[in-house]
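Q: Please take a close look at one part of this model, the hairpin and the surface around it, and then set that part within the chain as a whole.

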Amino acid sequence: MLVRWDGQSFTGYAEPAVAGEGDSRTLRPAPVWSVGRADGPGGTFAPRILRHG
């Protein structure tokens with residue numbers, strides 16, 4: 001199962017079907033990337049890119 005966060009809750013989705021292949025046997029967690037910014041003085045900001053995992 002795959003999940004997606006919409007900002008308020010997670011929604012589950014079935015694994016996409018691939019012609020000629022069976023279901024996945026092993027799925028491993030992958031790193032999660034987050035992007036955003038940190039506010040600075042005088043209306044400036046610094047971009048942030050974070051990797052979790």
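A: Two strands are taken to pair if DSSP finds at least two bridges between them, and with that cut-off in hand the hairpin of this predicted model can be described. Strand 1 (residues 2-5) and strand 2 run antiparallel and are joined by four bridges, while strand 2 itself covers residues 10-13. One of the pairings places Val 3 opposite Gly 12, its bridge partner in strand 2. Between the two strands of the hairpin lie four residues, and in this turn Gly 7 has a positive phi of about 100 degrees.

The hairpin also bears on the surface, where Val 3, Trp 5 and Phe 10 make a nonpolar patch of about 360 Å². Phe 10, which belongs to strand 2, has a relative accessibility of 56% and therefore counts as exposed, since the cut-off for that class is over 50%.

As for the setting, the chain has four strands and zero helices, and its elements run β-β-β-β from the N terminus on. The radius of gyration is 18 Å, well over the 10 Å that the globule rule gives for 53 residues, so the chain is more spread out than a compact globule. Along the principal axes, the C-alpha atoms fill a box of roughly 55 × 20 × 20 Å. Buried residues make up 0% of the chain, and of the contacts between residues at least 6 apart in sequence, 0% join residues at least 24 apart. The accessible surface of the chain comes to about 5200 Å², with 56% of that area belonging to carbon and sulfur atoms.

Terms used: Residues numbered from 1 in each chain as written. Predicted model: local features only at pLDDT ≥ 70, side-chain atom pairs only at ≥ 80, totals over all residues. Heavy atoms only, no water. Patch = residues over 30% accessible without salt bridge, like charges linked within 9 Å, V, L, I, M, F, W, Y side chains within 5 Å. Areas by Shrake-Rupley, 256 points an atom, 1.4 Å probe, with all protein chains shown as cover. Salt bridge = Lys/Arg side-chain N within 4 Å of Asp/Glu carboxyl O. Buried < 20%, exposed > 50% of the residue type's maximum accessible area, 1.4 Å probe, protein only. Rg over C-alpha atoms; globule rule 2.2 N^0.38 Å. Contact = heavy atoms within 4.5 Å.
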